[in-house]
Amino acid sequence: MKVSSQITLGSLLQFRASFPENDLAEKYAGGEPPLRSELYSGDQMELHGKTLAGLHRLSLGQAPDQLLSRLAENEGVLIGVRDLLAEAVKANRRITPAGEWLLDNFYLIEEQIRMAKRHLPKGYSRELPCLLNGSTAGLPRVYDIALETISHGDGRVDPGSLRSFVAAYQTITDLTLGELWAIPIMLRLALIENLRRAATRIAAKRIDRNRADYWADQMMEIAEKDPKSLILVIADMARSSPLRWHCRSPGSSSGSPSPA
C-alpha cells in the first residue's frame, strides 16, 4: 500500500518528507535500553543479593514520589507504540514477531497497569526507604531490588531465585515489613518499565521501516513516470534523513534503570 497514490516532482521537493512520525522517531531514539544484564543462576543471585545490600545506602529524608508519574508515562508510551503497530497492520505492512506479541497481548499489559495503579496509591512509595546513591538514587530501595531481579532474570521472575535473592540480601541488611509487602507491586512496575523500553525499540524500528517503505514507493513511482528526476528524489531522501536519527551521543547508549 502506497503512502501517496499520486505525486508530482514539485510537491515532492516541497514536502521533503515531513512525516508526523519524525517527532516519534526523535522521541524513541533516546529510549533507555531494556533491563538486561548477565543471566544469573540461583547461587549467583544469592551472591548478588549480598553484594547489592553492601552497596545500598539509604537517604535520611523522604524523596518525591516518582513511581506513579513514571507508570503513567510508561502507559502512554506503550499505548502509542500499540497504535503505531496497529496502523502498520491496517496498512497491510508486516510487523516483527515482537510487535505481533505486543499487539496480541496488549490486553494483558493493560490489566497489569490497572493492577499497578490500584496497588500503588498516591504517596505510597514515599513511605518506603529510598536510596541515597547509584543510578536509582531517590527511588525506593525495594524498587531497585525488583529492577535487579528482572535485569538478571532475562526479563522474567523466578520465585525460587527471588526468594534466595531477598534472603541473601537480608543476611547483610534487613528490609522493613513494608518493603517485603511491596515486592510484588515493585516487580510489576519493573516489568512494565522493561516492556516500555522494549516497546520503544520496536517503535523505532517500525518508524524506520515506514520511512524506508515510503521512499521505496516514491522512487518506484518517479522511476516509472520521470526516470531523469530520480536523482532528485534520492537527494531529497538524504536531506530528510539526518544521521542524528541513527547516531547516539556517548552517554545515551547506557540508559540507567531509573524511571526518571
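What share of the 260 residues in the chain is buried? Buried residues come to 42%, where buried stands for under 20% relative accessible area, exposed for over 50% and partly exposed for anything in between, with a 1.4 Å probe and protein chains only. The model is a predicted one, so to speak of local features takes a pLDDT of at least 70 and side-chain atom pairs count only at pLDDT 80 or more, while totals for chains, interfaces and linings use all residues. Numbering starts from 1 along each chain as its sequence is written, and side-chain values rest on heavy atoms, with hydrogens and water left out.

On the overall layout, the chain has 10 helices and zero strands, and from the N terminus the order reads α-α-α-α-α-α-α-α-α-α. Helices (H or I, at least four residues) and strands (E, at least two) are DSSP runs, numbered from the N terminus. The accessible surface adds up to about 14,200 Å², and carbon and sulfur atoms hold 57% of that; the areas come from the Shrake-Rupley method with a 1.4 Å probe, and for residues only the protein chains shown count as cover. Take the contacts (heavy atoms within 4.5 Å): of those between residues at least 6 apart in sequence, 83% join residues at least 24 apart.

Next comes the interior. The largest nonpolar core holds 44 residues, a nonpolar core being a set of buried Ala, Val, Leu, Ile, Met, Phe, Trp, Tyr and Cys residues joined through side-chain atoms within 4.5 Å. The members that touch the most others are Leu-67, Leu-78, Val-81, Leu-102, Tyr-143, Met-186 and Leu-189. Two or more residues come from each of helix H3 (42–55), helix H4 (67–90), H6, helix H7 (141–151), helix H8 (159–170) and helix H9 (177–225). H9 is the top contributor, giving 12 residues to this core.

Leu-189 gives a good look at this core. This residue is found in helix H9 and is buried, at a relative accessible area of 6%. Setting aside residues up to four places away in sequence, Leu-189 touches Leu-67, Leu-71, Ala-116, Leu-120 and Tyr-143. Leu-189 and Gln-112 sit 77 residues apart in sequence, yet their C-alpha atoms are 8.8 Å apart in space.

As for H7, the helix is mostly covered, with 11 of its 11 residues buried. The list goes beyond nonpolar side chains: Arg-141, Asp-144, Glu-148, Thr-149 and Ser-151 are among the buried residues of H7, along with Val-142, Tyr-143, Ile-145, Ala-146, Leu-147 and Ile-150.

Then there is the H5–H6 pair. Helix H5 (residues 97–104) and helix H6 (residues 106–119) pack at an angle of about 60°, their axes 4 Å apart. Axes here are lines fitted to C-alpha atoms, for helices over the stretch in contact, and angles run from 0 to 180 degrees between N-to-C directions. That makes H5 oblique to H6, since angles under 35 degrees count as roughly parallel, over 145 as roughly antiparallel, 65 to 115 as roughly perpendicular and the rest as oblique. On the H5 side, Trp-101, Leu-102, Leu-103 and Asp-104 meet Phe-106, Tyr-107 and Ile-109 of H6. By class, this contact has six nonpolar, no polar and one charged residues, with Ala, Val, Leu, Ile, Met, Phe, Trp, Tyr, Cys and Pro taken as nonpolar, Asp, Glu, Lys and Arg as charged, and the others, Gly among them, as polar. Trp-101 of helix H5 is partly exposed, with a relative accessible area of 43%. Apart from residues up to four places away in sequence, Trp-101 touches Ile-109 and Leu-195.

Two loop residues deserve a mention for their backbone. Asn-92, in the loop between H4 and H5, has a phi near 60°, a positive value in a residue other than glycine. Asn-92 counts as exposed, at 68% relative accessibility. In the loop between H7 and H8 lies Asp-154, whose phi is likewise near 60°, positive in a residue other than glycine. Asp-154 is partly exposed, with a relative accessible area of 39%.

Last is Asp-43, placed in helix H3 and exposed at 61% relative accessibility. Asp-43 and Phe-165 are 122 residues apart in sequence but 8.8 Å apart in space, C-alpha to C-alpha.
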